[in-house]
Amino acid sequence: MTEKLDLDHLQQWIGRSQEASDIVTAQLVKGLRATLFQEVGEPKTGDAAPFTVHWCLAQPVFPMSMLGPDGHPTRGGFLPPVPLPRRMWAGGELEFLDPLRVGDEAKRTSRIADVTVKSGSTGTLCFVAVEHVVTTPRGVAIRERQDIVYRDMDRSLGGAPAAAAKAPPPPPVAKHRESHVSDPVLLFRYSALTFNGHRIHYDRDYVTKVEGYPGLIFHGPMQAALQIEFAAKLRGLVPKKFSYRGVQPLFEGNFSVNANETAAGLETWTANSEGQPSMKGTATW
């Protein structure tokens, strides 16, 4: 049983901000390229990094004593102390203005933009919107909004009978598709690159026995990163804007990255082994 959610209290976090800086290193670029199924190469100073390398930079570091049972830091601090046990990356939007390059010193300025509460089929949902601006000495590189969702422990989210009662629609047909396999090593690598201690990505006993999911969970940001890289490969340059939202968890195993042309750009999505979308994106130039 979680404590009562006090929205007025949580909304006092709106407007809070923080800054952090880090260096884009060649070693980081190599590791991220390998994890995103790209040619690793020997990146040198000035070479462009993968488009979402900023998600690996200046991640918060907390002592072990300040971590909760799920591997996340205990609630409070910059993010509001939402008293719901599940925290997941629900979606967001990115605007790419200048590529980050090996050797860049990148500064991220973050601000809590909004805190809202909704009721869903699985109970209370609390959404926290965080705005980020990433700059280098050349100017603004990326503007971003991240939507974080907090929810209660509802086992139906993991594919238990309540979630399986309704047959899914036919999977969408993709003109462009890449197929891959995610295993515990891939998920561990992305967790390591982003200093993400969330146990749902690497601790099978925890994710199945405590959170009730059927397997290890694929990171939301890695799904978005793969869609952005796929869109850039298809069009020959990074989108000006990319928006995305998670629609269901993606578990370890076979998955695909997909795209179709639209009047405005590309619709992209990652899909599970049955072809059902797990995250949908929209890329525009």
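**Buried residues, contacts and hollows**

Colleague: Why is N258 called buried?

Modeller: N258 has a relative accessibility of 0%. Buried means under 20% relative accessible area, exposed means over 50%, and partly exposed lies in between, using a 1.4 Å probe and protein chains only. The value for N258 is therefore within the buried class.

Colleague: Before we go on, what kind of model is this?

Modeller: This is a predicted model, where local features need pLDDT of at least 70 and side-chain atom pairs count only at pLDDT 80 or more, while totals for chains, interfaces and linings use all residues. Residues are numbered from 1 along each chain as its sequence is written, and side-chain values use heavy atoms, with hydrogens and water left out.

Colleague: How do you know how confident the predictor is?

Modeller: From pLDDT, the predictor's confidence in each residue, from 0 to 100. The chain has a mean pLDDT of 93, with 95% of its residues at 70 or more. Residues 155-163, however, have a pLDDT below 50, and this stretch has 17 contacts in the model beyond near neighbours in sequence. Contact here means heavy atoms within 4.5 Å.

Colleague: Back to N258, then. What does N258 touch?

Modeller: N258 lies in strand β8, residues 253-261. Helices (H or I, at least four residues) and strands (E, at least two) are DSSP runs, numbered from the N terminus. Not counting residues up to four places away in sequence, N258 touches A174, H176, R177, F230, E267, T268, W269, T270 and A271.

Colleague: And what makes the link between N258 and R177 a polar contact?

Modeller: The side chains of N258 and R177 are joined at 2.4 Å. A polar contact is a pair of N or O atoms within 3.5 Å; within protein, one must be able to donate a hydrogen and the other to accept it, and residues adjacent in sequence count only if both atoms are side-chain atoms. The 2.4 Å between N258 and R177 is therefore inside the limit.

Colleague: H201 is in a loop, so to speak. Why is H201 called buried?

Modeller: Its place is indeed the loop between α4 and α5, but H201 has a relative accessible area of 6%, so the label is buried. The side chain of H201 reaches the backbone oxygen of I217 at 2.7 Å. H201 also touches L187, a residue 14 places away in sequence and 6.1 Å away in space, C-alpha to C-alpha.

Colleague: F195 is found between α4 and α5 too. Is F195 buried or exposed?

Modeller: F195 has a relative accessible area of 52%, so F195 is exposed.

Colleague: What makes the phi of F195 worth a look?

Modeller: Most residues other than glycine have a negative phi. F195 is not a glycine, yet its phi is positive, about 50 degrees. A58 has a positive phi of about 50 degrees as well, and is not a glycine either. A58 is found in the loop between α2 (26-35) and β2 (86-96), and with a relative accessible area of 15% A58 is buried.

Colleague: P63 lies in the loop between α2 and β2. Why is P63 called partly exposed?

Modeller: P63 has a relative accessible area of 44%, so P63 falls into the class in between.

Colleague: What makes a hollow a cavity, and how many are there?

Modeller: On a 1 Å grid over the protein atoms alone, a cavity is a set of points where a 1.4 Å probe fits but cannot get out, and a pocket is an open set with protein on both sides within 12 Å along at least five of seven lines; lining residues have an atom within 4 Å of a point. A search of the whole structure finds one cavity of 30 Å³ or more. The largest cavity holds about 50 Å³ of space, where a volume is the space filled by probe spheres set on the points, and grid points are joined across faces, edges and corners. Its lining includes A58, H54 and K107. The elements giving two or more residues to this lining are β1 (17-23) and β3 (105-120).

Colleague: How much space lies in the second largest pocket, and which residues line it?

Modeller: About 190 Å³. Among the lining residues are G68, P69, D70, M153 and Y206.
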